[in-house]
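Subject: Structure handover

Hello,

Please find the structure below, with my notes after it. They start with one residue and work outwards from there.

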Amino acid sequence: MRRPVVLLVAAALAAGLGFAAWRGLILPILATKSAPAAPAGHEIGGPFALIDQDGRAVTDKDLLGKPSVLFFGYTYCPDVCPTTLGDLTQWLKALGPDADRLNVRFITIDPQRDTPKQLKAYLSAFDPRIRGLTGSPQAVAQAAHAYNVYYSKVDLGSGTYSMDHSTTVYLMDAKGHFVEPIGYGEEPAMAIDSLKRLLHP
Amino acid sequence: MPKLPFAGRLAACILAATALCGAAGARDVVSGPLRITRLWSPPAPPSAPTAAGYLTIANSGPAPDRLIGASSPDFDAVQIHQMSMAGGVMSMRPVPRGLLVPAGGSAVLAPDGFHLMLMGPRRAFKAGDHIPVVLTFEHAGSIKAELDVQASAATAMPGMAMH
């Protein structure tokens, strides 16, 4: 009788260690890979000072105390950004009131065109719990660097441009530590599970 | 919807869906060897300065053609773009030489690949609206078509989403 219990405990420990290794080691490596501009070994997350869609100052400190879901993009984006914001809207709806305990932020990597007013109008099409952040080009660059987010301007001619950018959604715990990424086009059930784990670690 | 027994509602749904699917096919455009289908555009958020247009072009002729440009009276400019994803980074580039429509084959503009980049809307669009476009081909010349504004290709036929 004793041996199976020991085996079970050992198996549970191994599974736990495996999961911890996955969360602690493998996932950050995967996430780092998705942001090629970042220096190797650079942790995801860090200080930033931006303004929100109502023009109020917001820093990384303001997000502490609640887990955060962060996505970098821009409103001139025809494809990936509205798709991801639409996905986020569906995931938050699926979580229901539980999602009130999340900070969900859309951080622009195109501050030249994404003013607070522009972000606010754009985000009105999505879940109201998704709030927009922008700032000076330097402030946005600092935030993007903190999260290993790559972005680059692409000239489209006649004065217009688009932005290449990282599409990962970053999940951060209430202390501001990176937990795991959600990749573009993730299955809804998987993404919702990730958010539930973030809310109930 | 008035209260109907389940079977009645199901029948009504199937009838409505059949009617709407038939109507949606009417947006297909045939011009010479080219047949343009699945024309749609996801509803853009308010104040969105861009939108995407998707369509499929089939070429039944013996010679290849090329989609070299597009325009719309409802947008300042329209370009043909390719979106690609590598290592979690999205890149979008204009397709400078246009999009090949091979002889006996087709060109597909769909999410996560090629799209019409509709820039500078001159009016607001909502689901159910139509966006007129003019597609310019190297050989076939200009062809007029309309994009259905709708949430996804899966609901390419309005009303089908109820299933």
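B:Arg93 is partly exposed, because its relative accessible area is 38%, a value between the 20% and 50% cut-offs. Please keep in mind throughout that the model is predicted. B:Arg93 forms a salt bridge with A:Asp164, and the closest N and O atoms are 2.8 Å apart. B:Arg93 lies in strand S6 of chain B and A:Asp164 in strand S7 of chain A, so this pair joins two chains. A:Asp164 counts as buried, because its relative accessibility is 2%. Between chain B and chain A the count is one salt bridge.

The interface

The contact between the chains involves 26 residues of chain B and 28 residues of chain A. About 2000 Å² is buried between the two chains, with 62% of that on carbon and sulfur atoms. On the chain B side, B:Pro45, B:Val89 and B:Met90 lose the most area to chain A, and together they account for 25% of what that side buries.

Polar contacts across the interface come to 11 residue pairs, counting pairs with both residues at pLDDT 80 or more. Strands S3 (50-59), S5 (75-86), S6 (89-94) and S9 (114-121) of chain B are the elements that give two or more residues to the side touching chain A. S6(B) provides the largest share of that side, six residues. Sorted by class, the side of chain B that touches chain A has 16 nonpolar, eight polar and two charged residues.

There is also strand pairing across the interface. Strand S7 of chain A (residues 160-166) and S6(B) pair in the antiparallel sense, over two bridges. B:Met90 in S6(B) is the bridge partner of A:His165.

Chain B

Chain B has one helix and 11 strands. The helix comes before the strands, as the order from the N terminus is α-β-β-β-β-β-β-β-β-β-β-β. Of the 163 residues in chain B, 43% are buried. Among contacts in chain B between residues at least 6 apart in sequence, 65% join residues at least 24 apart.

A salt bridge inside this chain also spans a long stretch of sequence: the side chains of B:Asp148 and B:Arg27 meet at 2.6 Å, N to O. B:Asp148 is in strand S11 (residues 141-149) of chain B, while B:Arg27 is in the loop between helix H1 (6-25) and strand S1 (29-31), 121 residues apart. B:Asp148 counts as buried at 8% relative accessibility, whereas B:Arg27 counts as partly exposed at 25%.

Other salt bridges

Over all chains the count comes to 18 salt bridges. In chain A, A:Arg56 forms a salt bridge with A:Asp52, with the closest N and O atoms 3.6 Å apart. A:Asp52 counts as buried, because its relative accessibility is 5%. Salt bridges that share partners join A:Asp52, A:Asp54, A:Arg56, A:Lys120 and A:Arg131 into one network.

Strand S8 of chain A

Which residues of S8(A) are buried on each side? In this strand (residues 169-172), A:Val169 and A:Leu171 are buried on one side, and A:Tyr170 and A:Met172 are buried on the other, so both faces are covered. In a regular strand the side chains alternate between the two faces of the sheet.

S8(A) pairs with two strands that are listed here. Strand S3 of chain A (residues 68-73) runs antiparallel to S8(A) and is joined to it by four bridges, with A:Met172 as the bridge partner of A:Ser68. Strand S9 of chain A (residues 178-182) also pairs with S8(A) in the antiparallel sense over four bridges, and A:Val169 stands opposite A:Ile182. S8(A) and S9(A) form a hairpin with five residues between them, and A:Gly176 in the turn has a positive phi of about 85°.

A:Ser194 ties in with this region. Helix H5 of chain A (residues 188-199) contains A:Ser194, which counts as buried because its relative accessibility is 8%. Apart from neighbours within four places in sequence, A:Ser194 is in contact with A:Leu171, A:Glu180 and A:Ile182.

Regards

Conventions
Residues numbered from 1 in each chain as written. Chains lettered and ligands numbered in written order. Predicted model: local features only at pLDDT ≥ 70, side-chain atom pairs only at ≥ 80, totals over all residues. Heavy atoms only, no water. Contact = heavy atoms within 4.5 Å. Buried area = accessible area lost by both parts, 1.4 Å probe. Salt bridge = Lys/Arg side-chain N within 4 Å of Asp/Glu carboxyl O. Polar contact = N/O pair within 3.5 Å; in protein donor to acceptor, adjacent residues only side chain to side chain. Nonpolar A, V, L, I, M, F, W, Y, C, P; charged D, E, K, R; others polar. Pairing = 2+ DSSP bridges. Buried < 20%, exposed > 50% of the residue type's maximum accessible area, 1.4 Å probe, protein only.
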